Amino acid sequence: MKLRQIHLLGIGCVAAATAFAGQTSVAAAQDVPVWHSYTYEAQAETMRELIASFVAEHSGVTIDETVRSFDDLSLTLRLALQAGNGPMVTQVNQGAKDMGTMAQAGLLIPLDDYAAKFGWGAGQSAGIIDRGRWSESGQFGEGPNYGISSLGEIVGLYYNEKVLEDAGVALPIENFQGFLDALEKVKAAGVTPIAMGTASGNLPLHLYSALAQSQVDAADRGALDDLIYGRGGDFKTEANMTAAKFLQEWSKNDYLLSGFSGISGDDAVQLFTAGQAAFLTGGSWYFGDVQNNADIHFMPFPAPEGVSHPLSVGGVDMGWTITSLAKSQAEKDLGAEFIQHVVSPAAAVVWARHGYLPATSLPKESDVELSGLLKEAIVIWDDLNANNALGHYIDWASPTMLKTVQDNIVLLMAGRQSPEEFVGKLDADYQAFLATK
Amino acid sequence: MPSSAPTAARSAGFRIVLWAFALFAIAPFGLLVMTSLKSQPDLMRGAFALPSRPHFENFVSAWVDGHFSTYFRNSVLVVVPVVIFGVILGLLSGFAFAFLSFPLKKIAFALLALGMMVPSEAYIIPLYYEMLYLGLINSYAALILPQIAMSVPFATFFMASAMQQLPTDILEAARIDGASRGRILMKVILPLMGPSISSLALFLFIWTWNEFLIPLILVNDDSLRTLPLGMLFFQGRHTVNIPVLTAGAVLVILPVIVAYLFFQRKFVEGLTAGASK
Amino acid sequence: MTKSPLDGRPLANLLFLLPSLIIYVAFIFGPIVVAVGLSFTDWNGLGRPVFVGIANYTALFRDPDFLTAMKNNAVLMIFYCLVPLALGMVLASVVSAVPPRERLAVRTLLFLPYIMPSAVIGIVWRWLYNPLFGPINQGLKAVGLGALALPWLGDFTWALPAVGFVVVWYYFGFCMVIFMTGLQRLDPSLYEASRIDGAGPVYTFRRITFPLLLPEVRIVLLLTIIASIKSFDLIFTMTRGGPANATLVPNIYMYEMGFQLSRFGYAAAVAVFGAAAIFAVNYAVHRAINPKDGV
């Protein structure tokens, strides 16, 4: 009897010890620093929810969250990683300046294996994944993938249904000519046709790009891809020239909000939401602000007749990536699981519930309440992906392109630069960049 | 005060002009405060329109959403050591420049002057790496130490010029009595420096309170950020909500105004006394 | 210079200076030296800097954006230095017309802009200048001057003066206060004499007040010149250097080069050049204004 008791006691102790040891090895907590740029209130809330559910599912793991604005993130990320400091999982902006240079410096970890394992990018066009690719030789668009995104972005045409109906415009607008006719009718009715503000933000860039790329059919997208991926090519295309001409014409002839050069982009959006203009060309990231006005709808920028699958500027938001701070395989796996947690179909439901367009398709059986705008956007998103018709942000073409566009587009709109000169400046910037590669 | 005995009318005219300029100086603040009490629909009705009722919830919103309690605490935790050490170091080195001779004095002077003229943007990146090597990134030390260093040149020159205006006979007498320099500094000079010290303290307070580049670059953690940085960050999220944005601005400005109004007499006296050198 | 009664052996003297010097060199001067070194390299923040000699400096002189920045800064100096100085001096002279109690209130109010964080001021004035929501344009329209209600900060011609206006608002109280003290040190008997001789206020100001205030003029010029070249927060928050570089100043350019384009070597060269410019201008002012009597 005594022996047995001792035996049991012994087994009990060992069991307890192993259970305890198991506890402590898990409780030797893993602290994962995560940086992201979801600063807007609803976005921040979504991240908090996702982080909370991740921590609940992974006991012993804490997430150390840092939120920075877009510019701050860009600067401080490179400084931190270079110094062996900073996040293990982070968002990073695609393009040469951030993702490209960091990937080449070995600060980011390729994600292709994890992508295969978790099915990242399923349902997205190949072009989307390519935007996170950087080869060893520094070629954009090829090689391992370094970033997977939570949200999709589309630059499209917002329109105020009520304002248009009051002006006698027949909806839906079928093509570009229909759009031009609508502009005339709205102007005749005494309402500002297009909301615009150039003092800050990138509204002119988006209007310009949407105009230019809607003239390009998805089948002919090769030239644009080459341009953005730095493989060569030319900005002086017919589409770019036409877009510049229209933009200048509209600026000079009062088709834009009066005083637009002193109005910020955000102000223009606010004014549009308040019904002060009929149209706004901008990104789906404005849904949170615009959805307060039920008359406002979203459509792809209307293309000229004959272009069956026009490109819509868009893509995905900043990519999630694992940094070189994840040294062990366990840490890398944990990082990947976090990314999975914020880009999975389940995550897509959470994002959609808060009003955002997920890059990943929603599961068929989800019954989440979607705002009208989001429903419209998802239809467009699926269609664009199916036809590989997602256009590009032209400021990705070179590290200085954004500044070049911002500086010159206001000159174009003020009539101080001809469309030829404007497109010439963009091209000069790009060619100079190619020369340094 | 020179008096050219202006006529009554001219005198009244000057008064009007002065008060007009005074109004010009504070009008933006007035509008700021008024806007911070409005709601967004109120805004649409016009910039000068009074709000239907004061919307104090804007301030609550700014304080809470903008994490202003954290930033406020941090600003205080940083400002206090910077001001204290800035004043102490200013007294010490100001004493040296005012009364003592040492090798390379002119060069030391130029060295310090250089620091006042070069903007912090120029050396912030090397400073970042230095903090990294010292293991001080993301700590209060990273916020405090460089700002003490930044206070040193001005504090030195300010104290030096104030000390040079002290009557020399007292100093001579103390020296003849055999007191050590340290003692003289503490027992004789210090008590006479009251106004200068408080104005220096106020200057350092204002500059440190308003600094934004150092906290931006040297600190990652939101929990360590200071108020102006919080304001900048807050603006990025709330450009669309102007009343809350302006409420945040009022919260950032308020402590400085309070400190200034409290000390302003001594402040201006000290400023002009030091500056006249 | 007479030896001070408090002087001692140099080594012992240094002890007073040492703590300040150590912390200053450690955190300010050291990094400045490194920044100067960086200005001779090409560096994007990753990897090692690459030595390029004076290539950055030669590129600076051919850089149209940099030259625009320098030109804008020169224009802004009018608003940073000359206008506040003139306003400050004039206001200081007439403040005697106000009873002493009110004088204190006026002085306090006029000084207030200077103590504000310049980042916040930028935000405030950007709102003031807003073509649609802002009080300035709304006020202009209300009094029938709607034609003047321009998009100020977005206008190529008027953005720089509009920024300059804010700068004047920021500094003129500060200048006035400095001059007020200056005036306090002047001997009233001088004015008695000239009044007896029948001199009018303008003559008095031109021939007596102004020359005697030269020490203050020198200080104000020095401080405002430094401020003009160091300016960043104020202009950046209002216009970011736009539209199309109409309000670009060297410090903002340095920020763009370094923090946005990651060209840290080039940015350092811009910074060094800016500092050198301050030194040069200050030295010139120092030499040009030599008060004959006074301090």
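A residue is called buried here if 20 or more other C-beta atoms lie within 10 Å of its own, and exposed if 12 or fewer do. Keep that rule in mind while moving through this predicted model, because C:Ser262, with 21 C-beta neighbours inside 10 Å, counts as buried under it.

**First stop: two loops with a positive phi**

Select C:Ser262, which sits in the loop that joins α12 (250-260) to α13 (264-288) of chain C. Its phi is near 60°, a positive value in a residue other than glycine. Then turn to chain B and select B:Leu104, which also has phi near 60° and is likewise not a glycine. B:Leu104 belongs to the loop between α4 (68-99) and α5 (105-117) of chain B. Is B:Leu104 buried or exposed? B:Leu104 counts as exposed, because 11 C-beta neighbours are found inside 10 Å of it.

**Second stop: a helix pair in chain C**

Two packed helices are described by the angle between their axes and the distance between the axes. Return to chain C and display helix α3 (residues 64-94) together with helix α10 (residues 214-230), whose axes are 9 Å apart and which pack at an angle of about 145°. The crossing of α3(C) and α10(C) is right-handed. To see where they meet, show the side chains of C:Asn73, C:Leu76, C:Met77, C:Tyr80, C:Cys81, C:Pro84 and C:Leu85 on α3(C); the residues facing them from α10(C) include C:Val217, C:Leu221, C:Thr224, C:Ile225 and C:Ser228. Coloured by residue class, this contact of α3(C) with α10(C) divides into twelve nonpolar and three polar residues, with no charged ones.

**Third stop: where chain C touches chain B**

Now bring chains B and C into view together, where 82 residues of chain C are in contact with 81 residues of chain B. Which helix of chain C supplies the largest share of the side that touches chain B? Select helix α1 (residues 10-38) of chain C, from which 18 residues of that side come. By class, the side of chain C that touches chain B is made up of 61 nonpolar, 16 polar and five charged residues.

**Fourth stop: where chain A touches chain C**

Add chain A to the view, and select the 21 residues of chain A that are in contact with 21 residues of chain C. Three helices of chain A, α3 (70-82), α4 (96-104) and α17 (401-413), each supply at least two residues of this side, and α3(A) gives the most, with four residues. The residues on this side of chain A comprise nine nonpolar, eight polar and four charged.

**Last stop: chain A as a whole**

With chain A alone on screen, its secondary structure comes to 18 helices and 13 strands, and its C-alpha atoms fill a box of roughly 100 × 50 × 40 Å along the principal axes. Of the 437 residues in chain A, 49% are buried. Where contacts in chain A join residues at least 6 apart in sequence, 75% of them link residues at least 24 apart.

For one backbone detail, select A:Leu171 and A:Pro172, which are joined by a cis peptide bond with omega near 0°; A:Pro172 lies in the loop between α7 (161-166) and α8 (176-188) of chain A.

Finally, colour chain A by pLDDT, which averages 87, with 93% of the residues scoring at least 70. Residues 6-28 of chain A call for caution, since there pLDDT stays under 50, and the model has three contacts beyond four places in sequence for this stretch.

Conventions. Residues numbered from 1 in each chain as written. Chains lettered and ligands numbered in written order. Predicted model: local features only at pLDDT ≥ 70, side-chain atom pairs only at ≥ 80, totals over all residues. Contact = placed C-beta atoms within 7 Å. Nonpolar A, V, L, I, M, F, W, Y, C, P; charged D, E, K, R; others polar. pLDDT = per-residue confidence, 0-100. Axes fitted to C-alpha atoms, helices over the stretch in contact; angles between N-to-C directions. Left-handed = near helix turned anticlockwise from the far one by under 90°.
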